[in-house]
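This note sets out several points for a colleague who is beginning to read structures. Please keep the sequence and the model in view while going through them.

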Protein chains: 2
Amino acid sequence: MGSLARKPDSLERYQADLPHLTQKLRRGSRKITGPRQAILEALRRQSHPVSIKELFDTLTQGDCDLATVYRAMHLLEGMSMVKRFDFGDRVARFELLSDGDDGHHHHLVCTQCAEVVEISDCSMQEQEAQIATRNGFTHVTHKLEFFGICSACRAL
Amino acid sequence: MGSLARKPDSLERYQADLPHLTQKLRRGSRKITGPRQAILEALRRQSHPVSIKELFDTLTQGDCDLATVYRAMHLLEGMSMVKRFDFGDRVARFELLSDGDDGHHHHLVCTQCAEVVEISDCSMQEQEAQIATRNGFTHVTHKLEFFGICSACRAL
DNA sequence: GTCCCTGCAAATGGTTTGCAGGCGG
DNA sequence: CCGCCTGCAAACCATTTGCAGGGAC
């Protein structure tokens with residue numbers, strides 16, 4: 001069952017607590033500010049990739065500015081604390097990374113209701129290596145997302 | 001992604017000639033206009049996905065308006081005459097589809113110079129099917145692109 | 001006391017759209 | 001001639017950035 005997709009909304013993934021997260025900031029010589037704490041808290045509550053606008057909307061009005069969320073996500077991405085995903089709708093989505101998790105996984109997205117299921121197993125290492133050597137490339141990575149229609153939408 | 005320095009196109013892929021293409025338009029009860037012919041001609045010259053802006057720049061000034069190119073690409077996409085690709089830089093890129101080609105292939109993109117190599121073999125059908133049944137989804141498709149550093153950029 | 005961080009507002013860049021006139025069928 | 005297409009300009013939307021004041025350390 002290891003490769004089975006994760007159940008949405010159950011938050012089974014381990015999420016570091018806030019002090020743990022802010023410590024990472026401090027280690028990176030970054031300041032721990034109110035907006036950043038609010039953003040990290042908001043991120044912890046998510047179990048799926050969220051867009052910046054969505055994240056912003058979960059914040060108490062006045063917690064911080066939209067531009068600050070953008071800046072914070074850049075910062076966190078640079079510190080490998082979040083991972084950016086792209087579902088092809090021209091909107092960046094982010095997930096908080098757990099310790100030691102490189103965040104490499106994919107998603108199955110319902111094209112009608114946007115339900116997201118996490119796909120944990122990725123068997124592309126060998127293909128990646130093959131592609132690298134065949135084309136003389138190095139540092140080859142990939143982006144992969146699945147799209148389809150979920151059972152609920154199909155029933156409609 | 002860097003700016004593009006497109007290499008001379010090899011054009012190995014079969015590209016239908018213009019009359020053949022405009023016939024498809026006619027079959028779809030679409031009008032054959034000057035701008036559309038110019039756009040199709042410009043598309044035929046490409047052997048890799050091009051952004052709308054790039055395509056527009058290859059047109060003789062005055063051939064048509066940028067907005068018209070956008071509208072034409074929507075039209076052509078809806079008629080399955082072009083396929084849209086997404087390299088994660090928030091810019092849509094398009095490729096002309098050959099007859100009978102569903103356009104399912106992937107690309108290897110250099111993150112420094114934006115060189116693009118087409119990856120033709122895709123062995124994900126079974127994984128796709130697996131993911132569909134495991135999660136109760138239907139009509140499952142995927143988007144997959146590879147990124148890396150090409151030999152030229154590596155040498156710099 | 002530094003200078004990093006923030007809010008605000010304006011700019012950016014890709015893409016879309018409203019409108020009135022024009023041309024393909 | 002009818003209605004699809006087009007050019008033009010303005011609107012849109014996610015994201016970025018300049019600036020000056022304020023707070024973390």
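**Notes on DNA strand D and the two chains**

1. The residues of the surface near DNA strand D comprise eight nonpolar, three polar and eleven charged ones. The model under discussion is a predicted one.

2. Which residues come closest to DNA strand D? Of the 22 residues that surround the strand, the closest are A:Tyr70, A:His74, A:Ala92, B:Thr33 and B:Thr68. Among the atoms of DNA strand D within 4 Å of the protein, 66% belong to sugar or phosphate, and the rest belong to bases.

3. Individual polar contacts involve both the bases and the phosphates. A polar side-chain atom of A:Lys31 lies 3.2 Å from a base nitrogen of DNA strand D, and a polar side-chain atom of B:Arg71 lies 2.9 Å from a base oxygen of this strand. At A:Ala92, a backbone N or O atom lies 2.9 Å from a phosphate oxygen of DNA strand D. The elements that contribute two or more residues to the surface near the strand are α4 (66–78) of chain A, with α2 (34–44) and α4 (66–78) of chain B. The largest share, four residues, comes from α4(A).

4. How are chains A and B related? A turn of 180 degrees with a shift of 0.0 Å along the axis lays chain B on chain A with an RMSD of 0.1 Å. This is the relation of a two-fold axis. Within chain B, the residue closest to the rotation axis is B:Leu144, at 2.2 Å (C-alpha).

5. The copies meet through the same surface, because 100% of the interface residues of chain B are also interface residues in chain A.

Technical notes:
Residues are numbered from 1 along each chain as its sequence is written. Chains are lettered from A and ligands numbered from 1 in the order in which they are written. This is a predicted model: local features need pLDDT of at least 70, side-chain atom pairs count only at pLDDT 80 or more; totals for chains, interfaces and linings use all residues. Side-chain values use heavy atoms; hydrogens and water are left out. A residue is near a molecule or strand if one of its heavy atoms lies within 4 Å of it. A polar contact is a pair of N or O atoms within 3.5 Å; within protein, one must be able to donate a hydrogen and the other to accept it, and residues adjacent in sequence count only if both atoms are side-chain atoms. Ala, Val, Leu, Ile, Met, Phe, Trp, Tyr, Cys and Pro count as nonpolar, Asp, Glu, Lys and Arg as charged, and the others, Gly among them, as polar. Copies are superposed by least squares on the C-alpha atoms of residues with pLDDT of at least 70 in both. Contact means heavy atoms within 4.5 Å.
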